[in-house]
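Thanks for sharing this one. Here are some notes to read with the model open beside you, as numbered points.

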Amino acid sequence: MDGTADQNRSDDWGPFGKPLFDDPSARALSRVGVIDVGSNSVRLVVFDGAARSPAYFYNEKVMAGLGAGLRETGRLNPEGRIRAVSALKRFALVAKAMQVSPLITVATAAVREAEDGPAFEAEVLAETGLKLWVIDGSEEARLSAQGVLLGWPEADGLICDIGGSSMELAQVGDGQVGARLSTELGPLRLLGLKGGKKGLRKHIRAILDEATKTVGTKPKRLYLVGGSWRAIARIDMERRGYPLAVLHEYRMTPDQVRQTVAYIGKSDIADLRAQTGIGAERMALVPIAALVLKELMTVLKPKEIDISSYGIREGLLYEQMPDRLRAYDPLIEACRWAEANAARVPGFGRRLHSFIQPLFPNANPARRRIIKAACLLHDVSWRAHPDYRHEVCFDNATRANLGGLNHSERVFLGLALLHRYKNSRAGTHYEPLFSLLSEAELRDAEVLGKAMRFAAMFSAEALDEMGRLKYQPRKKVLHLRLDKKAAPLFGEVAQARFQSLAKALGVEDFGVKIRAR
């Protein structure tokens, strides 16, 4: 093969498209820092990688409590100011040492509403050199919604971001942010409200009823953003005995939310902390946040509730991206980045995908996407000890910080990669997670894994030229048409893996045909 042919092959990206990390505008965003000065916490996040699917290079949080007592005093909490400035001094030095550029520092409800907010801005600038970007409620809602779009490009419904002193609502759909507003329903602001629980519920309901005039009701999905919502979701997992402790894209029904709110109401807060590991400052706000969530269910009547770990900080990263970068699939880009940096043969994943594709003729778009991801990740854990490689693969898929991947898809992807390195899944300590998949999904994941396990025996540049699979599911036929020059590769181990794949498919007629050129 001459140089021109090689060049053509490298430019032929097929169904995967050109890698995002080859784009100069993506490389320019390879390390972006965001400091989020909220009413409850101050956090530094540094993103690294291909920029479309955020990898958290650095993440540190201080629960400063700037907004504590704001309703009563109109001013920032004095102790909170000291803690926040101390944290910002540290963050400024850490970001400088990391050579973070750009570094965006944003402040939300507490700073924008406190009468001493401007004085705090001036103090931060003098002490740290950081210029605070104090945003209004509408902008906060927009950025939070953009954060959800970063991980969920197909998001359709209503974003609800709860902070310490405010709660933002924003419509989202077709990749765009629609009507939005900010409310005074942050739990720090609601603390100490007169009238007891009855008065609190009445106050919450009145604000939500007014909000629906802007954002409407009955969203297809309600996307919950913010630490208090994540804490409630963690408690829901504990109550249900849910097997996968990953909060991002955790899904609840309205009935499950109501049951968990009732569970929180009758539980001892100290016991909940011990069961879930939620911090004391966060747990102190959970009972009030739970009341807000209960009223949200009643007023908004969502069909489904999803937890998003992405919010305003990810929205600020999304803000830096041109539209053509936003159009990329965050899951596929994260997997391509992993392959390029960790696989033994970077680029082999798309040839592997082409080779095994005939086995999945009826796969829907969502399943085809997971098949692509699996092919890209099939060899990124090769450095792990062979006895534990299958476990490392499963852990990486199910617990990695990946966007655009719901929980059942995580388990499907993890199980396929487990079978890439191990024939049987019986007896593993991951068995409780398999309950998130149907029997058909378990079978399909096994087939995908064993197909990759077999095809990896032909790890060569021109896999698609060396052999092709022909699968006829109705006739239960599986044949491998192998080029004569590749016949020596079909040794004993390859034969055993081919038989294992045939068994997983349930075919009755399988074999190999050698073709001469």
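1. Let me begin with the charged pairs: there are 32 salt bridges in the structure. Please keep in mind throughout that this is a predicted model. Side chains of opposite charge can pair when their charged atoms come close, and a few of these pairs deserve a look one by one.

2. Start with Glu319 and Arg142, which form a salt bridge whose closest N and O atoms are 3.1 Å apart. Glu319 belongs to helix H14 and Arg142 to helix H7 (residues 137–151), so this pair ties together parts that are 177 residues apart in sequence. The two ends sit in unlike surroundings: Glu319 is partly exposed at 32% relative accessibility, whereas Arg142 is buried, with a relative accessible area of 15%.

3. Stay with Arg142 for a moment, since its side chain has further polar partners. One polar contact, at 2.7 Å, goes to the side chain of Glu139, and another, at 2.9 Å, to the side chain of Gln146. If residues up to four places away in sequence are set aside, Arg142 touches Val177, Arg180 and Glu319.

4. Now for helix H14 itself. How many of the eight residues of helix H14 (residues 312–319) are buried? Seven of them are, so the helix is largely enclosed by the rest of the structure. The buried residues are Ile312, Arg313, Glu314, Gly315, Leu316, Leu317 and Tyr318. Glu319, the salt-bridge partner from point 2, is partly exposed because its 32% relative accessibility falls between the 20% and 50% limits.

5. Helix H14 also turns up at the largest cavity. Three cavities of 30 Å³ or more are counted, and the largest holds about 380 Å³ of space. Its lining is made of 30 residues, and Asp36, Asp161, Ile162, Gly163 and Arg313 lie nearest the centre. Strand S6 (157–162), helix H10 (227–240), H13 and H14 are the elements that give two or more residues to this lining. Arg313 is worth clicking on here: this residue is buried in H14 and is among those nearest the cavity centre.

6. On to the nonpolar packing. The largest nonpolar core has 105 residues, and the members that touch the most others are Met167, Trp229, Leu296, Ile356 and Leu478. Helix H13 (residues 280–300) supplies the largest share of this core, with twelve residues. A second core, separate from this one, has 28 residues, including Ala84, Ala95, Ala107 and Val124.

7. Which residues is Trp229 in contact with, leaving aside its neighbours within four places in sequence? The list is Cys160, Asp161, Ile162, Met167, Leu224, Ala289, Val292, Leu293, Leu296 and Ile307. Two of these names, Asp161 and Ile162, will be familiar from the cavity, where they lie nearest the centre along with Asp36, Gly163 and Arg313. Met167 and Leu296, for their part, are named with Trp229 among the core members that touch the most others.

8. Back to charges, with another pair that spans the sequence. Arg369 and Asp329 form a salt bridge, with 2.5 Å between the closest N and O atoms. Arg369 lies in helix H18 (residues 365–377) and Asp329 in the loop between helix H15 (323–326) and helix H16 (330–342), so the pair ties together parts that are 40 residues apart in sequence. Asp329 is partly exposed, with a relative accessible area of 24%.

9. A local pair makes a nice contrast. The side chains of Asp395 and Arg399 meet in a salt bridge at 3.4 Å, N to O. Both lie in helix H19 (residues 389–399), where being four residues apart separates them by about one helical turn. An α-helix has 3.6 residues a turn, so residues three or four places apart point the same way. Asp395 is partly exposed at 28%, and so is Arg399 at 43%. Elsewhere, salt bridges that share partners join Arg75, Arg81, Glu115, Asp116 and Glu123 into one network.

10. Last, a look at a loop. Is Ser435 buried or exposed? Ser435 is exposed, because its relative accessible area of 56% is over the 50% limit. Ser435 is placed in the loop between helix H20 (407–421) and helix H21 (439–455). A polar atom of the Ser435 side chain lies 2.7 Å from the backbone oxygen of Pro432. From Ser435 to Leu200, the separation is 235 residues in sequence and 40 Å in space, C-alpha to C-alpha.

How values were computed:
Residues are numbered from 1 along each chain as its sequence is written. This is a predicted model: local features need pLDDT of at least 70, side-chain atom pairs count only at pLDDT 80 or more; totals for chains, interfaces and linings use all residues. Side-chain values use heavy atoms; hydrogens and water are left out. A nonpolar core is a set of buried Ala, Val, Leu, Ile, Met, Phe, Trp, Tyr and Cys residues joined through side-chain atoms within 4.5 Å. Buried means under 20% relative accessible area, exposed over 50%, partly exposed in between (1.4 Å probe, protein chains only). Contact means heavy atoms within 4.5 Å. A polar contact is a pair of N or O atoms within 3.5 Å; within protein, one must be able to donate a hydrogen and the other to accept it, and residues adjacent in sequence count only if both atoms are side-chain atoms. A salt bridge is a side-chain nitrogen of Lys or Arg within 4 Å of a carboxyl oxygen of Asp or Glu. On a 1 Å grid over the protein atoms alone, a cavity is a set of points where a 1.4 Å probe fits but cannot get out, and a pocket is an open set with protein on both sides within 12 Å along at least five of seven lines; lining residues have an atom within 4 Å of a point. Grid points are joined across faces, edges and corners, and a volume is the space filled by probe spheres set on the points.
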